[in-house]
Structure formats: C-alpha cells, structure tokens
Amino acid sequence: MSDIAIAAGGLGKRYRIGALARQTTMGERLTHAMKAPVRWLSSNNRRASGSHVDFWALRDVSFELRKGEVVGLIGRNGAGKSTLLKILSRVTVPTVGWAEIHGRVGSLLEVGTGFHPELTGRENTYLNGAILGMGRKEIDRKFDEIVAFSEVENFIDTPLKHYSSGMQMRLAFAVAAHLEPETLLIDEVLAVGDMAFQKKCLGKMGEVASGGRTIVFVSHQLNQIRRLCEKVIWLDQGKIFQVGPTSEVAGAYEASVSRRPDSKDNPGAPNVQNGFVSWEIVEPRAESPNMLTTSGRVRLKFVLRLNKPVTDGHHGIALYNHERQLMWGWAANNLQLTEGTHEFHYSFPTLPLKPGLYSWLVSLFDHGREVDMWSCFPEMAIATEIHQHLRDEWNGILNVPCEFGIQSSQETALAEATEHATGESS
Amino acid sequence: MGVAQTQVAVGIKASGKSVVRIESHRGWLALDLGELWAYRDLIYFFVWRDIKVRYKQTVIGAAWAIFQPVLTMLVFSLFFGRLAKIPSQGLPYPIFYYSALLPWMYFATAMQAATNIVVENQRVITKIYFPRVVLPISSVMAGLVDFAISFAVFFALMAYYHIMPTRAVVWLPFFTLLALMTALGVGLWLSALNALYRDVRYVVPFLVQFWMFASPVAYPSSLVPAKWRWLYGLNPMAGVIEGFRWALTGHGDPPGILLAASSCAVALLVLSGLVYYHAMEGTIADVV
C-alpha cells in the first residue's frame, strides 16, 4: 500500500469570461445562438470575434503529497490557490487532468458553511457537521467537545443571529476541527480574528497534523505557514512556480511579494522604475515583515527608487481597512529628492487598530504631477490581542485597552437628597 | 482513530481503503446510491432545517399548511361545483376537491421548492462538496410534512360526510410515492436549469397553473374521452390524482390505463432529470 495521500496530474481549470459568460437569461442565450452562423461566416477565429475569452485559472498542475504532510499553498491573489482547493475538495471539476485522494477528505473553504441565522447554535452544529460530512451519531458523540472548544456554551441554545461574528467563527471552526478527516483542505479561514483563538485553531491543526493526517493549507500569512507546514507549493498565474521545504520557498516568495510586481522581472536593475518598491514593518520585528502581533511602538519603512530627481515633491500616505474606510492620512510638502534610493521612515507610538488586514497607500507627486501611487502589497496584517465589545456592531474601529472602575459614593448622594428634601419642606 | 461511518468516498477498494478520483470526464448517469446512502443524515438535516425554518416568524405557523388547501377547496366547491355543476363521481364536492388538492398542493409546493433549492444553497454549493442530488431530494421530502398535516382535515371531512375509506386505501403510499417522484423529476430539471437561467423561476408559477388545468383537480378525468385517456395519462399527476380519489374514497374505478401511462412518464422524467442534473453537477458551482 502506498503512502500517497493526494496525487494530481496535469490539473487544469478553464473559465470562460466575456460575452458568453454574461448570457444569463435564455433570451441572451438564444440571440447568441442565432447569431452563431453569422459569426462563423464573418470570422473563423472565434476568439478574435470576441465571443469569449478562455481564462485558465489553473494549468498543468501536478504533484504528490504523502500522508502526514502539512503543505502550505501560497501565491498572489488570483494565482489559482482557491481553484486548486475547490477541485481537490470536489466543489468543481477540473477541465483537464486528474487527482486522486486517499481516505476521508474534509474541506474548510469557508467557516460556517450552511449556518442558518434562525437556528440555534446547537441546531447549527448538527447542520454544519452534516454538511461537512459527519453523521448524526458522530456529532452526538463529539458535541460536548465541540461546544467546549468553541467557548459559546452559554449561548448554545440562542439563535445564531444573536451571535457576534467572532462567536460564529469560533463555533464554525470548532465543528470543522472535530471532523477528523484523513486529509484536511483549508482555505484562508484564519486570516482575521482574535489572536488567542487563532492560536487555539493553529494548535488544533498542529494536533491533527501530528496525528498523521494530511493538511493542505492556504494562507497569506507566512508566519502561519511557517509554524504549520513543512512543505510549500507556490502557485503563480495558475502554475506551480516552486515546490520545496517551507524555509526555502516561503523565503523566496516573501522576497518576491515585498517588491512591487512590476519590478519582479528585473529586481536588481537600476532605473527600471520610478516609484515605491517595497514596504515593511521595522519594529516590532515579527515572523513576517508585514505583520503586527504586539501593540506598542511601530516603525515602518517604505523604499522609494527614483530615476530622476524630484524638485517640488508632495508625498501622501493613507491607511485603509479592508472595507476601504480611511483610518488615517498624512502628507508632506516641498520635498527635494535626488535620483537613487530613499527610505521613508514612519514611527507611531502605537497603531491601536482591530485585528485584520489593512493596506497602506503611498503617493508621490512632483510639481503636481503623479510620480507614483502605490497601494502597498502585501497588506498589513494586524493580529494583536483584541479588546472588544461582546457585540460586533459596538466594536468600532479602534482596539484600545482601557481600565474600568466604579467609584460609588452612595452616602453623599443620599445626604444631598435629604438635604434637598428638608430644604424644600422648610 | 475516529474515522467515522460516514465516508466521503466514491469507490471502496478491496483493501477497504477509499480513493476518490477527480476527473473532468464523468459518466453519463452515475447516481451513486452508496454515496447517497452515506449522506442520508445530510438529507435528514436539510429536511429538518427546511421544516424548522419554514414557519419561523409567521403568526399562525403550520396552520398555513391547512389554510391553503381548505380555502382552495371551498372556492372550487363553490364555483366549479355549485355553479358550474361539474360531475363529481357522486362524491360531495368538498371531498371530491380536497382529495385531489392533497396531492396537487404537495406536488406544486414541492416542485417549486425543488426548483429554487440549488440557487438558494449557492453559498454552500460553492464551498463544499456533497452529492448535489441531496438538495432536490431533501426539498421534495420536506413538503411531505405539510402534506401530512393537511391530511388531518381530510379525515375530518370524511367523518363529516360519513364516508369510510375502503380497502383501496392501501394503495395510498404508492400514489404518494408517485407524486414525490414526479416532483423530484421536474425538480431535477428545473433546479439545474434555474442555476443557469434565472428565467425559470418566473416560468414556474405559470407552469404550475397550466399543469393544474391539465390535471383532474377541478374535474374528473372521466370528462376526457376514453380513447385519449392514455395520452392524458402521460401527465403523471393525472394518474396520481385519480389514484388518490380512488384510494381515499373507493369511488370510481381504479385508474388502470391512466396509471400505467403515468408511471412510465414518471420513470422517464426522473431518469432524464438525473442525467441532466448529473451533467450539470460538476460545473454547477461555477455557474450558479
């Protein structure tokens, strides 16, 4: 018996985008069909006629994973990570190629799939468990453990619509974590959220992995990949770019993303670009240079490369959250910069923001004309300890610790009231 | 370790090891009954969710299951019965109509529910695998609960008119199954089509209306000339409804030729539905 957990050969997935994909009503489909002969006459190259464009989200992907391996899947947005995971979890079929998975597969492409807001936590546990592939008896058996892990015991018979999103996520992950599959496929489900719970989840996943189970894990957070995975597959534009031990591949990937994509082809060459080339958090040092795990002083560095001098520079910086709300902005005027490389340093006493993904936008203008405007990639991940209200809608945007105390002075209040009453009666 | 009884597996090899093979080429009709059986608990939970959620935030709750057929029965009895004087095989109009509305209402709601089920569950479909056939199957099964509730009224009506069920009543489960299979067959077609073309959801209400007039709900099938009866029977609901009337009241003749034609039509409908649904299954998550 082999010890292969997953094998794939020549996997590819084609999506059609363009005119064809947009025909969502029968009428459009009919008109399209009726125009087909005309189109065929007018052009024998269907692609040139603009009827549709083939887009390969994944192309010629082959690999073999052994049992007990924990593999990280990394790559830029749109590199095909999610498509690969969808194929392996059988949500969609590949256009070409094949894959074989040995043993029970559990997939976690989204936390809380199938949760219904009107049902209670208990009911949703059963429903979600069944959707993930557990039987009723199996859920019965694990129910107490799941609830204990989720830390929502007190609300288990409350409808889910009254849960905060953090509580929903905890319950959802708890169900999924108890699936006990031989192979577990996980999409970026731990991207945001409470640091303590993230740690707990990673711990649970480590436990699963050490039990000889295979895990395929997609994450943008390289520190999570480093902590969990021994092997990494780096996808780029739908193809496998590099496979190997985590330290090697993750390092290479990190070096590539902390530079701007357009400078990737020729990173060493000077004068290829006029603008910002990279950014990182200098202090505090974390496992990834774009991640904040502790509160306190934060120092950032933005690297700017100029191939011609700037004489009347205007530089702006802004911080947005993942909903594109502006968190903070600042600007500097009358900058004189020579040709060459410059480092812009920023220092904050603290960045008291809720955990999540944030993006920096830096810009540089010379005499009012744009030199560069960069929405920094990778985003800044904040994963500090969270201080929050129980209910999401009361959370706000700041994550600030506070001290709370009650000072009671009942006697004085009472005395005043009595005084007032006596004063009135006299 | 706790590898549980529910296997997410396609083929179990001789070694007892399960291997899932993922490929673009898929069979023509590969309803994997073993896999469906493994997911029986999911069908149960989908049905259960449907029932739990259906009457949430309504004032009279499950009484809706009774209201609809009862009101329709009253309207039919008044207009088609008292005023239009449609023959009723010697049955009191309320019995005549209610016995037909029982399977008809079930069929109409189950079919509509099944049509929408894929679109309603698009989030789940795009995030996790399970045999997609589970969806229409569970939606036609969920309708059985309302069906059972509305039966209570029928027994009250029977008692009121002093009509006793005859031995023909043992056929009732068969006719119910036939109605369920009809709803499933149509549901398989329409739910997959609805995932592609949202036009379907606007077509369905018309379809239900036309279909009702093509079925012996408001009139007895004896109005149809005998030599065309077999053709009429190709509408599976014709056999089902006549079958219900006969099984519940014992009036009229057992629907022989009508039923034979209807059974064939249902078999064809379900099989073709499975083939179409299966063809759509692999890519449904991409297009829904």
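Which strand of chain B is joined to β4(A) by bridges, and do the two run parallel or antiparallel? In this predicted model, the partner is strand β2 of chain B, residues 18-23, which is joined to β4(A) by five bridges, and the two strands run antiparallel. One of the residue pairs can be picked out in the structure above, where A99(A) has I22(B) as its bridge partner in β2(B).

This pairing belongs to the contact between the two chains, to which chain A gives 42 residues and chain B gives 38 residues. On the side of chain A that touches chain B, the elements that give two or more residues are the strands β4 (96-102) and β5 (105-108), together with the helices α3 (121-132) and α4 (136-150). Of the elements on this side, β4(A) gives the most, with six residues, and β4(A) is also the strand that pairs with β2(B). When the residues of this side of chain A are sorted by character, 20 are nonpolar, 14 are polar and eight are charged.

Chain B itself can be followed from one end of its sequence to the other. It has 12 helices and two strands, and the two strands come before the helices in the pattern β-β-α-α-α-α-α-α-α-α-α-α-α-α. The radius of gyration of chain B is 21 Å, close to the 19 Å that the globule rule gives for 288 residues, and chain B is therefore as compact as a globular protein of that length. Along its principal axes, the C-alpha trace of chain B spans about 65 × 50 × 40 Å. Among the 288 residues of chain B, 41% count as buried, and of the contacts in this chain with a separation of 6 or more, 79% are accounted for by residues 24 or more positions apart.

The interior remains to be described. In soluble globular proteins, nonpolar side chains tend to be buried together. The largest nonpolar core in this model has 144 residues, and the members that touch the most others are V71(A) and A183(B). Helix α4 of chain B, residues 93-120, supplies the largest share of this core, with 18 residues. As for V71(A), when its neighbours within four places in sequence are left aside, its contacts are L65(A), I215(A), V216(A), F217(A), C229(A), K231(A), V232(A) and I233(A). A second core, separate from the largest one, has 21 residues, among them L304(A), V310(A), I382(A) and A383(A).

Note on methods:
Residues numbered from 1 in each chain as written. Chains lettered and ligands numbered in written order. Predicted model: local features only at pLDDT ≥ 70, side-chain atom pairs only at ≥ 80, totals over all residues. Core = buried A, V, L, I, M, F, W, Y, C linked by C-beta atoms within 7 Å. Buried ≥ 20, exposed ≤ 12 C-beta atoms within 10 Å, placed from the backbone. Helix = DSSP H or I, 4+ residues; strand = E, 2+ residues; numbered from the N terminus. Contact = placed C-beta atoms within 7 Å. Rg over C-alpha atoms; globule rule 2.2 N^0.38 Å. Nonpolar A, V, L, I, M, F, W, Y, C, P; charged D, E, K, R; others polar. Pairing = 2+ DSSP bridges.
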